[in-house]
Amino acid sequence: KDDLILQKFVEMASDASDPDCIIVDFFAGSGTTGHAVMAQNAADGGSRRYIVVQLPEQLDPDRMEQKAAADFCDELRKSRTIAELTKERLRRAAKKIKGDHPLFAGDLGFRVFKLASSNIRAWEPDRDKLAETLEASIEHLKTDRTEQDILFELLLKLGLDLCVPIERKNIEGAAKQAHEIHSIGGGSLLVCLSPAIPQADVEPLALGLVDWHRALKPAGETTVVFRDSAFADDVAKTNLTAILHQHGLETVRSL
């Protein structure tokens with residue numbers, strides 16, 4: 001089978017003494033390479049990682065060689081693309097490997113990323129409608145993007161591993177409004193993307209961040225990021241930043 005052949009290749013090209021080895025496949029197909037890497041890790045206790053790339057090529061059910069794959073995507077209620085086959089193969093392979101090697105404690109999960117433009121609006125002024133352009137640019141982030149989209153762009157911009165763990169915690173403000181905080185990489189990055197931070201919430205939010213930062217005890221410097229348009233005014237933003245600085249959180253940024 002193809003996965004056994006590739007697994008042997010993975011074994012020959014790397015070994016468990018190289019725990020940070022990364023296997024890259026730019027033509028993922030059904031995900032055979034990822035399957036092989038996970039299987040070899042389970043076989044020898046390695047911790048290799050893989051990056052597989054697959055364009056969302058459409059499957060044509062009218063073509064004999066693609067009909068079975070297209071029908072399978074229909075059964076899964078997924079779009080008829082090779083990329084959907086890749087993801088499903090990796091899910092099922094991980095489940096089987098876990099069943100065959102119940103004592104294996106390695107990572108069998110994966111994250112899926114799609115190439116997209118930046119979540120941050122580019123400054124493209126219409127000189128004939130400058131006032132309207134300025135008004136539209138108050139919110140720097142694109143409104144059709146999710147918080148997760150923004151978080152992963154931050155990881156890329158700050159040079160953090162895309163597979164670092166992400167934890168979430170709610171901190172209540174003075175008006176009982178919950179602000180969701182994301183801790184990335186054990187506290188290396190703390191992100192609050194609340195759309196509005198009232199003046200009354202500045203102190204409880206800042207102190208909540210400080211308390212969580214102390215509990216996480218990150219090894220290096222921590223960067224704290226907020227949505228710039230969330231603050232009622234510059235005074236609120238300055239006060240929050242000052243409180244964080246007083247407690248050792250020196251790197252504060254806004255988007």
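**Exercise 1. Packing of H3 and H4**

At roughly what angle do the axes of helix H3 (residues 64-76) and H4 cross, and within what distance do they come?

*Solution.* The structure is a predicted model, in which local features need pLDDT of at least 70 and side-chain atom pairs count only at pLDDT 80 or more, while totals for chains, interfaces and linings use all residues. Residues are numbered from 1 along each chain as its sequence is written, and side-chain values use heavy atoms, with hydrogens and water left out.

Step 1. Two packed helices are described by the angle between their axes and the distance between the axes. Helices (H or I, at least four residues) and strands (E, at least two) are DSSP runs, numbered from the N terminus. Axes are lines fitted to C-alpha atoms, for helices over the stretch in contact, and angles run from 0 to 180 degrees between N-to-C directions.

Step 2. The H3 and H4 axes cross at roughly 70 degrees and come within 10 Å. H3 and H4 are therefore roughly perpendicular to each other. Angles under 35 degrees count as roughly parallel, over 145 as roughly antiparallel, 65 to 115 as roughly perpendicular and the rest as oblique.

Step 3. The crossing of H3 over H4 is left-handed. A crossing is left-handed if the near helix is turned anticlockwise from the far one by less than a right angle, and right-handed if clockwise.

Step 4. Ala69, Phe72, Cys73 and Leu76 of H3 make the contact with Glu84, Leu85, Glu88 and Arg92 of H4. Contact means heavy atoms within 4.5 Å.

**Exercise 2. Packing of H2 and H4**

Determine how helix H2 (residues 32-44) is oriented on helix H4 (residues 82-100).

*Solution.* Step 1. The two axes come within 9 Å and cross at roughly 15 degrees. H2 and H4 are therefore roughly parallel to each other.

Step 2. H2 passes H4 in a right-handed crossing.

Step 3. On the H2 side, the residues that meet H4 are Thr32, Gly34, His35, Met38, Ala39 and Ala42. Their counterparts in H4 are Arg89, Leu90, Ala93, Ala94 and Ile97.

**Exercise 3. The five-stranded sheet**

Describe the sheet that contains E6, from the strand order to the helix packed on the sheet.

*Solution.* Step 1. The open sheet has five strands in the order E3-E4-E5-E6-E7, with mixed pairing. Two strands pair if DSSP finds at least two bridges between them.

Step 2. Strand E3 (166-172) and E7 are at the edges with a single partner strand each, so one side of each has no neighbour in the sheet. From one strand to the next, the twist averages 20 degrees.

Step 3. H7 packs on the sheet, where it touches E3, strand E4 (178-184), E5 and E6. The direction of H7 makes about 145 degrees with that of E3.

**Exercise 4. Strand E6 and its partners**

Trace the pairing of E6 on both sides and the connections that lead into and out of this strand.

*Solution.* Step 1. Strand E5 (residues 189-192) pairs with E6 in the parallel sense over four bridges. Val191 has Val225 as its bridge partner in E6.

Step 2. From E5 the chain passes through helix H7 (residues 202-216) to E6, a right-handed β-α-β crossover. A crossover is right-handed if, with the strands pointing away from the viewer, the path from the first strand over the helix to the second runs clockwise.

Step 3. E6 runs parallel to strand E7 (residues 251-254), and four bridges join them. The bridge partner of Val225 in E7 is Arg253, and Thr223 stands opposite Thr251. E6, helix H8 (residues 234-246) and E7 form a right-handed β-α-β unit.

Step 4. Thr223 and Val225 point one way from E6, Val224 and Phe226 the other way, and all are buried. Buried means under 20% relative accessible area, exposed over 50%, partly exposed in between (1.4 Å probe, protein chains only).

**Exercise 5. Two residues with positive phi**

Locate Arg77 and Lys217 and state their exposure.

*Solution.* Step 1. Most residues other than glycine have a negative phi. Phi of Arg77 is positive, near 60 degrees, and phi of Lys217 is positive at about 50 degrees.

Step 2. Arg77 lies in the loop between H3 and H4 and is exposed, with a relative accessible area of 80%.

Step 3. Lys217 lies in the loop between H7 and E6 and counts as exposed at 68% relative accessibility.
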